[in-house]
Each structure stands twice: as C-alpha cells, then as structure tokens.
Amino acid sequence: MTQPQRGRRVVIAGGAVMGSATAYFLANHPDFSGEIIVIEKDPSYQLCASARSAASIRQQFSSAINISISQFSIAFLRDIGKHLAVSGDAPHIDLVEGGYLFLASKAGAQQLNQNHQLQRSFGADITCYSRAQLAQRYPWLNTDGIEAGCYGTSGEGWFDGYGLMQAFRRKARSLGVRYVQGVVEGLKKNECGWLVQLEGGEQLQTEIFVNTAGASGGAALCRSAGLDLPITSQKRMIFPFECKEEIRNLPLLVDPSGFYVRPEGKSYICGCAPAANKDPECFDFAVEHDFFMEELWPRLAHRIPAFESLRPGLAWAGHYDMNGFDQNAFVGPVPQLEGFYLALGFSGHGLQQAPAVGRGLAEHIATGTYQSLDLTPLSIERFWNGTPLLEKNVV
Ligand SMILES: Cc1cc2nc3c(=O)[nH]c(=O)nc-3n(C[C@H](O)[C@H](O)[C@H](O)COP(=O)(O)OP(=O)(O)OC[C@H]3O[C@@H](n4cnc5c(N)ncnc54)[C@H](O)[C@@H]3O)c2cc1C
C-alpha cells in the first residue's frame, strides 16, 4: 500500500471549483501536513466553466458512480454553511431543490426505466410518471410524443455555482492553501517528482501535481506530461428569458429532443447541445443567437406552449471539458506517471461532482487510497483497457 504522503508539496493547476475543492479537502485532511499551492491563470474566473455553468445537480444518471457522487454532493451542499464557514461567516449558495424532470419518448422509455431502477436501488428519491400522470401534474406541458417522465422529488435542483467555487477557495485559503496567479505551461518528470514550468520561465518542483485545468488547459497539460486523452473543449450556450405567464412548479425539464429549461429566480434559463456535426472543438465565447431562434425556441415552445411568447435575456457561452471516450470524467492518479493526478473530462456535470471528487482526490493524495467513496470506476485505466463507462444521461 502507498504510504501516507505527509509533509509533501502538492501543486494544483487550475483553481476553479475542482482545484479549490481538492485544495480544501486536502488542507482539511488529518493525514496531510504538506504545502498546497494552487496555480490559477485567471483569478477573476470570468471565463471558466465553473463561472458559466447552469449549476444544477441531479441524481438521475445512468452510471452507479455518478449517482453515489451526487448523493454525497447534495448532502454537502445542504450543509455548506457548516463545512465552508470561515471565522463563523457561512457561505450561501441558494440551493433550490426543484428537481429534474427527464421526459422520454416511446423510444427512450425503456432506458428511462432502466435508469430509474438503478437510481432507486441507490435510494435516490426519483418518481416515474406515465404520460397521463404528467399531463395532470404539469398542466402547462404538451405531452405529444412523450411516453413517461422521471422526477427527482428531492436531492436535485440548482444553486449558485460561482458561489460554491468561491466558498471552496475562501475556505482553502483560510486553511493555509497558497493561490498563485500564473499559467502552467508544461511539466517535466524528474527524480524528485515534477518540475512545473510557469509562463515567464519560473519553475516549481513538486512531488504531487494535480491537473484540474478544465476545458481551457487540462488536455494540453496532460499532453505535456506524455498523456494524450480524448478530452476536448465544446461550446455550450445558456439562454436566459422571461415569460409573462408563470409556469408553476417547473423543475429542470430535460426534453427528449435534447434541450433543458429551468427557472432562475423569476426568469428561466435554457440550453441544448448542438448536433454532433455542428459541435467542433472550440475555445471562443461567441453566442450564436440563430441557434436560439432556429433550434431551441421552437422546441421549447412546442413542449411548453406558454413559451411561444417570451423575452430573451443576455445569453452567454462556456465550455464543457468533454470526454469523447465515454462522457465521464477521468479522476485520480495516473499509474504510469507517479505523482500525477487528474480530474478532467466532466462532460457537463463537474460542478455538482466537485465536493465528492475533491474529497476523493484529497484522500488518495493523503493516504494512497479512497477512504469514503471509491472513485476507481472513474480511473483512467478504463481508457487503457478500452472499457468505457458510458454515461447515457448527458445534458
Ligand atoms: C454552459 C455550461 C453549463 C453547465 N451546467 C452544469 C450543470 O448544470 N451542472 C454541473 O454539474 N456542471 C455543469 N457544467 C459543467 C461544470 O461547469 C464543469 O464541469 C466544472 O465547472 C469544471 O470545473 P473545473 O474546475 O474542472 O474547470 P474550470 O471551471 O474550467 O476551471 C479550470 C481552471 O483552470 C484554469 N487554467 C486552465 N489552464 C491553466 C493553466 N495552464 N495554468 C493555470 N491555470 C489554468 C482556468 O483559468 C480555470 O479557472 C456546465 C458547464 C457549462 C460550460
């Protein structure tokens, strides 16, 4: 068994939600007493996924590990004030447990049922409704083409994602974690671990390196360590809008056509993945308004006719760190690269996974194993072995 890593230096590249969650849990771990340095290229965090997310959490996944991760995360979010208060000042992330409603067509109903059974077997509070029950429960819903729907009665909803990231960061700093503004340009392996090369020529020696650099930098940092992964940066846009008519009890609705919509205060936000042939790797932040007008709005208004009349707000774009192998993250140590850890490829569900993944990475760095939740199913070894852990519920 790997020995506990007391008194070591850990360098984390990327200090948004994943890097900051890892830093917090590590600084708080009783078996770790080393130095933690977070290198972040943009302390304003304005462009990172953590700041541009729809910040929603669900139990409705098709992979067991993702359900277990969400169960820890929701418990953590509910008690965030207890976990992340600094000098008695508790953060607020405005968690709304409004539930997800996954709708399925006839073709998708079997998969919905399979997922539901798996989710229930893990104790997730999900209820399945027939078309007739949906029509009765949600009078504003057009149930054309819908066979069934699954609703998260508790444990699912949305929150202030930027607030969560800042709460982790603030708590980590209060525990002695050092945040340094800088760009990690590359890595070199040597007999003492990793030589981290920063923009401007500075170098930093560390025994443990953690790559939480997300869509904008994570894959490149892997490549510089000799690891070529199928992780790409895919643009996703969020379109806010207002509607005069109130849609009562609207959960985060996921339509079989691929779009989602949820309340945001008194307004709404929605989004949709583009068709595969219109989804190249990209790093720009341009909002494609035609996409809303031509692709999204018609589907939205078809499913919820009250949305035929709406007023669009100020839309924005961000990037998923998409794992083309199986739409699940690679998390944990990389066995071929001693002292190299990663948490990358979250494919649009990383914000809600940050508490469990940060805790898991910290445990592994501190003790050599996962102590609370075994994150081995997300290990990079599945990529080497050619055994994908395909997540079928990607929103
Ligand atoms: C539009 C949109 C909607 C989403 N909706 C949801 C949702 O509803 N629920 C959910 O759970 N997830 C959602 N996600 C996904 C979620 O936001 C991400 O999975 C999560 O924020 C990833 O966090 P991260 O810290 O790994 O990466 P990021 O937030 O991208 O942070 C990476 C950080 O690394 C820094 N960095 C990059 N390269 C370097 C370098 N070389 N040196 C130093 N620093 C570097 C960056 O500046 C950045 O701050 C959404 C994402 C988007 C874009």
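**Close-up views of a predicted model**

**View 1. The ligand and its nearest neighbours.** In this predicted model, the ligand is surrounded by 39 residues. Gly-14, Gly-214, Gly-217, Gly-318 and Gly-350 are the closest of them. Sorted by class, the shell around the ligand holds 19 nonpolar, 15 polar and 5 charged residues.

**View 2. Who builds the shell around the ligand.** Six names are worth finding here: H1, strand S2 (35-40), helix H2 (49-52), helix H8 (214-224), strand S13 (231-242) and strand S18 (316-323) each put at least two residues into the shell. Which of them gives the largest share? That's H8, with 5 residues of the shell. Both domains chip in as well: domain 1 (9-88 + 160-230 + 324-385) and domain 2 (100-156 + 232-322) each provide at least three residues of the shell around the ligand.

**View 3. Where domain 1 touches domain 2.** The protein splits into domain 1 (9-88 + 160-230 + 324-385) and domain 2 (100-156 + 232-322). Going by C-alpha atoms, their centres sit 28 Å apart. The contact uses 26 residues of domain 1 and 28 residues of domain 2. On the domain 1 side, the elements giving two or more residues are H2, strand S3 (56-57), helix H3 (64-78) and H8. H3 gives the most to that side, with 5 residues. By class, the side of domain 1 that touches domain 2 has 10 nonpolar, 14 polar and 2 charged residues. Look back at View 2 and you'll meet two of these elements again: H2 and H8 each supply at least two residues of the shell around the ligand.

**View 4. Helix H1 against helix H7.** Two packed helices are described by the angle between their axes and the distance between the axes. For helix H1 (residues 17-27) and helix H7 (residues 161-174), the axes come within 8 Å and cross at roughly 35°. The crossing of H1 past H7 is left-handed. From H1, the residues to pick out are Val-17, Ser-20, Ala-21, Ala-23, Tyr-24 and Ala-27, and they meet Leu-164, Met-165, Phe-168, Arg-169, Lys-171 and Ala-172 of H7. In this contact you'll find 9 nonpolar, 1 polar and 2 charged residues. H1 also turns up in View 2, since it supplies at least two residues of the shell around the ligand.

**View 5. Stepping back to the overall fold.** The protein counts 11 helices and 20 strands. Along its principal axes, the C-alpha trace spans about 65 × 50 × 40 Å. How does the radius of gyration fit a compact globule? For 395 residues such a globule would come out near 21 Å, and the protein has 21 Å, so the two agree.

Notes. Residues numbered from 1 in each chain as written. Predicted model: local features only at pLDDT ≥ 70, side-chain atom pairs only at ≥ 80, totals over all residues. Axes fitted to C-alpha atoms, helices over the stretch in contact; angles between N-to-C directions. Helix = DSSP H or I, 4+ residues; strand = E, 2+ residues; numbered from the N terminus. Left-handed = near helix turned anticlockwise from the far one by under 90°. Contact = placed C-beta atoms within 7 Å. Nonpolar A, V, L, I, M, F, W, Y, C, P; charged D, E, K, R; others polar. Near = placed C-beta within 6 Å. Domains from an automatic or database assignment. Rg over C-alpha atoms; globule rule 2.2 N^0.38 Å.
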